[in-house]
Each structure stands twice: as C-alpha cells, then as structure tokens.
Amino acid sequence: MTSIVKCLVWDLDDTLWDGVVLEGDDPVPFPAAVRTLHALDRRGVLHAVASRGEHAAATAHLAAHGLLDLFTRVEVGWGAKSAAVARVAADLGIGLDAVAFVDNDPVERAEVAAALPAVRCHPADAVAGLPALPEFTPEFVTEESRQRRQLYRTDERRRAAEATHAGPPAEFLASLDLVLQVRRAGPADLARAHELTVRTHQLNTTGVTFGLAELHALCASPRHEVLVARLRDRFGSYGTVGLAVTELRPAAAVLRLLLMSCRVLSRGAGAALLDHLVRTALAAGRRPVAEFVPTAVNRQMLVTLRFAGFAVEDDAGDRWTLAVDPARPPAARTHPVRVVAA
C-alpha cells in the first residue's frame, strides 16, 4: 500500500514561479502550481519550502502573491536542500517517508534522494499531476484533515511560547494545562480513526491499518473496545490524536493497536493514555497485554510500553507480546497530561 504524503516541500525559483527573485525578476507563480497548492491543502497535505536564496525576499514574494499562509515551514538559504528537508520533517514531527520534494533542478533532486532516500522527489513539470497520484490522495478527507494547517499554526504559537519560557521543560509542559479526553469511538470518529492508522508510523505499536468497515465491526463487537483520544491545552485543540483498539478476553485486555499522532510526541500523551489503559484493564480484573510489531521507525512505542510496566513475554522476531504482571502493577506516574474518560 502506498503511504500517504503528509508534507510536500517546494523549491521556489523556476519551480513554484517562473523566474528568480534575487536576480531582480518579479516572477509570477505558475497557475498549475497554485492549483496544486490549494488542492492538496484541502486534503490536509502540508506545504513547506526548501529553496535557495534570501529568506526575507522569498517570504515577501510569497506574501505578495497571497501564498505565504499556505506554507507551514519556510527554509530558504544556501545550505544543502536535503538538510532543509530534514529540518522540515523534524520540525513538523513527521517521518521522512511521509515527505515529498519538488524541484526543477535534477541535481538538487538527486542530492535530496541520495541523502534522504525515503523522500519522494518530483520534477517541477510534474506539479500539475501530483494531486492525482495515490500518495497524495487520502481515502477520506475529514474535517480534521481540512483544518490540519490551522492545527499546525496553533502549534507554532505553542513553540514560540516554549522558546521564550525561562524555566525547565517540565515546568512549561505543566503550564499548558494539557487534557486528554478518552472515549469510545462513535460513527463520526471512524474516518479520522482510519486516517490515523494510515498516516501514523512512528508512534504505532503494530502498524495495523483498519478500514472503515473493520472499525465499524470492532466498535459493534462486545469483545473489542475502540477508543479515541482528543488533546487540548490553553492554546486550543490538537484534534483527535490517539487511537487504541483492545480485544477484551475474560482474563486479559489485549492491546491490538495503540497509536498517537507524531505531533504530540513531546507532550507525553502516549504514556498518559497507556497508563489509563493499564489502570482500566487491572480495575476490570484483566491482565494488560500488548502486541508490538517492530518497524524501522516505531522503536519509541516499545520504549513507551516498557516504561508503562510491560515486559516481553514472547519475541517471535516480527511480532512481540508484552504484558503487565497484575501481581506487581506499575507504580503510578505523574504526567503533564490529565486524562478525562468520557
């Protein structure tokens, strides 16, 4: 299955517009490029810039043509474009396998492809056709995906506040008043839940992808529990950021899938949700069990499971089984996130 692109990174001169700003041109954006920008933005694909030139001149030209707000990150300078693309991915908290890059210069594309082989590179003359490619075509476009750029803008305000905070990081997290609302998934949540399984790779315990029909069946099954988690803080909502699918057995609660949006990696929401699931299972007289399928990018989730008290019971190489011993439950932990179960 083709993985969905979360961010398209653009070169500017002779790619987004026809000309070179620093050479005194007043280049006009290509109409096809503008159409692609808006089409992908409506689908929840983020846009960023990795281009050569002067930052102030580039952003001024983007603003003059009403395009600056469409870009969540603007990297303009004279270093390697692969380094700029990597910074964009790191700043947005997404994997390189969810990034695409477009540039008119084959040498620049080759440099990025060699340094970052997971990034998909496209020539500028292919821009008009990008919205038709499978990797730019999510199965569903939810209200949350249409608001993704605004959610990242809110994240920017958080980042700015964090950058100016004088105290330790833990103090800043506490000041956010983070609240994670956890509830059973309803019909209106399923498209977003499906989107999370398709889009989230790094903070995903098993990499399972559930279709809408499967999610409907799991929600209706008395042997399963499907939970969604929404995170908010004093700046606003992060949206629906977590999904947990648990098989309820008479003596065990088996976590088939736990995932959290990469955007909340630094907030501790995954650990808080996992502790909530462990407490709920133990209170119901069930042993907490979790499945884990190792991938190239999800080791962080294994670390999260281990810190939550899960120990490896079976290692089949491509699939692990971990469990919490009810006779020795993990000690309660303090989180910067308050969990509210609806």
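In this predicted model, the residues lining the largest cavity divide into 5 nonpolar, 3 polar and 5 charged. The volume of this cavity is about 130 Å³. Of the 13 residues in its lining, K6, R148, Y152, R199 and S261 are the closest to the centre. Two elements, helix 6 and helix 8 (190-199), each give two or more residues to this lining. The largest share, 3 residues, comes from helix 8.

A search of the whole structure for cavities of 30 Å³ or more finds 4. The second largest has a volume of about 60 Å³. Its lining is made up of L12, D13, W17, V21, L22, S51, R52, G53, E54, A57, A58 and V76. Strand 2 (46-52) and helix 2 (55-64) are the elements that contribute two or more residues to the lining of this second largest cavity. By class, 7 of the lining residues are nonpolar, 2 are polar and 3 are charged.

Pockets were examined as well as cavities. The largest pocket has a volume of about 270 Å³. Its lining consists of 16 residues, and D91, R159, C262, R263 and S266 are those nearest the centre of the pocket. Helix 3 (81-92) and helix 6 are the elements that supply two or more residues to the lining of this pocket. Helix 6 provides the largest share, with 4 residues. The lining of the largest pocket has 6 nonpolar, 3 polar and 7 charged residues. Helix 6 therefore appears in two of these descriptions, since the elements giving two or more residues include helix 6 both for the largest cavity and for the largest pocket, under the definition of helices used here.

The chain as a whole contains 11 helices and 13 strands. The C-alpha atoms fill a box of roughly 75 × 45 × 35 Å along the principal axes. For a chain of 342 residues, a compact globule would have a radius of gyration near 20 Å; the value for this chain is 22 Å, so the two agree.

One of the sheets is open and has 5 strands in the order 3-2-1-4-5, with parallel pairing. At its edges lie strand 3 (71-77) and strand 5 (120-123), each of which pairs on one side only. With direction ignored, neighbouring strands of this sheet are turned by 20° against each other on average. Within the sheet, strand 1 (residues 7-10) and strand 4 (residues 99-103) run parallel and are joined by 4 bridges. One residue pair illustrates the register: W10 has V102 in strand 4 as its bridge partner.

Another open sheet has 8 strands, and their order is 11-12-10-9-8-7-6-13, with mixed pairing. The edge strands here are strand 11 (311-315) and strand 13 (337-341), and each pairs on one side only. From one strand to the next, the twist averages 30°.

Both senses of pairing can be followed at strand 6. Strand 6 (residues 178-184) runs parallel to strand 13, and 5 bridges join the two. In this pairing V179 stands opposite R338 in strand 13. Strand 6 also pairs with strand 7, in the antiparallel sense and over 6 bridges. Here L180 stands opposite L231 in strand 7. In a regular strand, side chains alternate between the two faces of the sheet.

Helices pack on this sheet of 8 strands. Helix 10 (residues 269-283) touches strand 6, strand 7, strand 8, strand 9 (252-260), strand 10 (287-292) and strand 13. The direction of helix 10 makes about 165° with that of strand 9. Helix 6 (residues 148-163) also packs on the sheet, where it touches strand 7 (224-233) and strand 8 (236-248). The direction of helix 6 makes about 110° with that of strand 8.

Terms used: Residues are numbered from 1 along each chain as its sequence is written. This is a predicted model: local features need pLDDT of at least 70, side-chain atom pairs count only at pLDDT 80 or more; totals for chains, interfaces and linings use all residues. Side-chain values use heavy atoms; hydrogens and water are left out. Two strands pair if DSSP finds at least two bridges between them. Axes are lines fitted to C-alpha atoms, for helices over the stretch in contact, and angles run from 0 to 180 degrees between N-to-C directions. Contact means heavy atoms within 4.5 Å. On a 1 Å grid over the protein atoms alone, a cavity is a set of points where a 1.4 Å probe fits but cannot get out, and a pocket is an open set with protein on both sides within 12 Å along at least five of seven lines; lining residues have an atom within 4 Å of a point. Grid points are joined across faces, edges and corners, and a volume is the space filled by probe spheres set on the points. Ala, Val, Leu, Ile, Met, Phe, Trp, Tyr, Cys and Pro count as nonpolar, Asp, Glu, Lys and Arg as charged, and the others, Gly among them, as polar. The radius of gyration is taken over C-alpha atoms; the globule rule is 2.2 Å times the number of residues to the power 0.38.
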